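Student: I have a structure open and would like to learn how its descriptions are justified. Could we go through it together?

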Amino acid sequence: MSVSGGLDSTVVSATASRALAADGRDLRAYSAVFPYLPEVDETDRIDALTAACGFESTRLRIHQSGVLESLVEYQHRWDMPCGGPGYAVERPLMARARADGVESMLDGQGGDEVFGYSPYLIGDRLRRLRIPSAMHLARNLPVFGGRPANVGELRWALTAFGVRGALPYGLHVRHR
């Protein structure tokens with residue numbers, strides 16, 4: 001697993017380590033570290049995460065010249081600029097994992113979505129005729145500041161996210 005010291009990696013690592021442990025398998029972390037840039041280096045957080053989750057960790061020092069070299073290599077290989085600087089960090093981690101015999105990798109991308117909300121879940125619930133569940137979700141959306149929605153707000157949430165969200169995609173396209 002590609003691990004940083006951030007929230008995304010923490011959520012995905014904790015979930016993956018429990019799931020793999022239940023199957024009797026181990027998780028191994030691969031992390032980029034930047035000891036020459038203490039303001040961005042997350043070594044201490046990575047140490048805390050891997051210790052808490054109980055898995056081994058391999059750290060690779062990513063040097064500034066390596067980042068530029070990696071981005072230039074990408075441009076030559078694909079004849080287009082790299083979509084983001086993450087490639088320069090992820091590529092050496094993936095190469096090291098591959099050399100260690102790793103066949104698949106997880107990363108923490110999207111792990112913070114655990115703390116997000118999807119108001120269109122209300123529409124999914126309505127489509128499945130799970131009316132009480134849809135009402136509960138609509139009544140308790142975070143946009144209402146932690147208090148239950150009043151009747152007007154509930155009507156708005158059910159219409160905006162429930163009814164409109166439940167409509168098939170093709171109707172949305174035709175409406176536009």
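Student: What pattern does the protein follow along the sequence?
Tutor: In this predicted model, the order is α-β-α-β-α-α-α-α-α-α. That gives 8 helices and 2 strands.

Student: How do you know whether the protein matches a compact globule in its radius of gyration?
Tutor: Set the two values side by side. A compact globule of 176 residues would come out near 16 Å, but the protein has 22 Å. The C-alpha atoms fill a box of roughly 60 × 40 × 35 Å along the principal axes.

Student: What makes a residue count as buried, and what share of the protein does that cover?
Tutor: The cut-off is under 20% relative accessible area. Buried residues make up 30% of the 176 residues. As for the accessible surface, it comes to about 11700 Å², with 55% belonging to carbon and sulfur atoms.

Student: How do you describe two packed helices?
Tutor: You give the angle between their axes and the distance between the axes. For α6 (residues 131-139) and α7 (residues 151-166), the angle is about 115° and the axes are 9 Å apart. The crossing of α6 past α7 is right-handed.

Student: Which residues make that contact?
Tutor: Helix α6 brings Ala134, Met135, Ala138 and Arg139, while α7 brings Leu154, Ala157 and Leu158.

Student: How many residues of each class does the contact of α6 with α7 have?
Tutor: There are 6 nonpolar, no polar and 1 charged residues. Ala, Leu and Met count as nonpolar and Arg as charged, so Arg139 is the charged one.

Methods
Residues are numbered from 1 along each chain as its sequence is written. This is a predicted model: local features need pLDDT of at least 70, side-chain atom pairs count only at pLDDT 80 or more; totals for chains, interfaces and linings use all residues. Side-chain values use heavy atoms; hydrogens and water are left out. Axes are lines fitted to C-alpha atoms, for helices over the stretch in contact, and angles run from 0 to 180 degrees between N-to-C directions. Helices (H or I, at least four residues) and strands (E, at least two) are DSSP runs, numbered from the N terminus. A crossing is left-handed if the near helix is turned anticlockwise from the far one by less than a right angle, and right-handed if clockwise. Contact means heavy atoms within 4.5 Å. The radius of gyration is taken over C-alpha atoms; the globule rule is 2.2 Å times the number of residues to the power 0.38. Buried means under 20% relative accessible area, exposed over 50%, partly exposed in between (1.4 Å probe, protein chains only). Accessible areas come from the Shrake-Rupley method with a 1.4 Å probe; for residues, only the protein chains shown count as cover.
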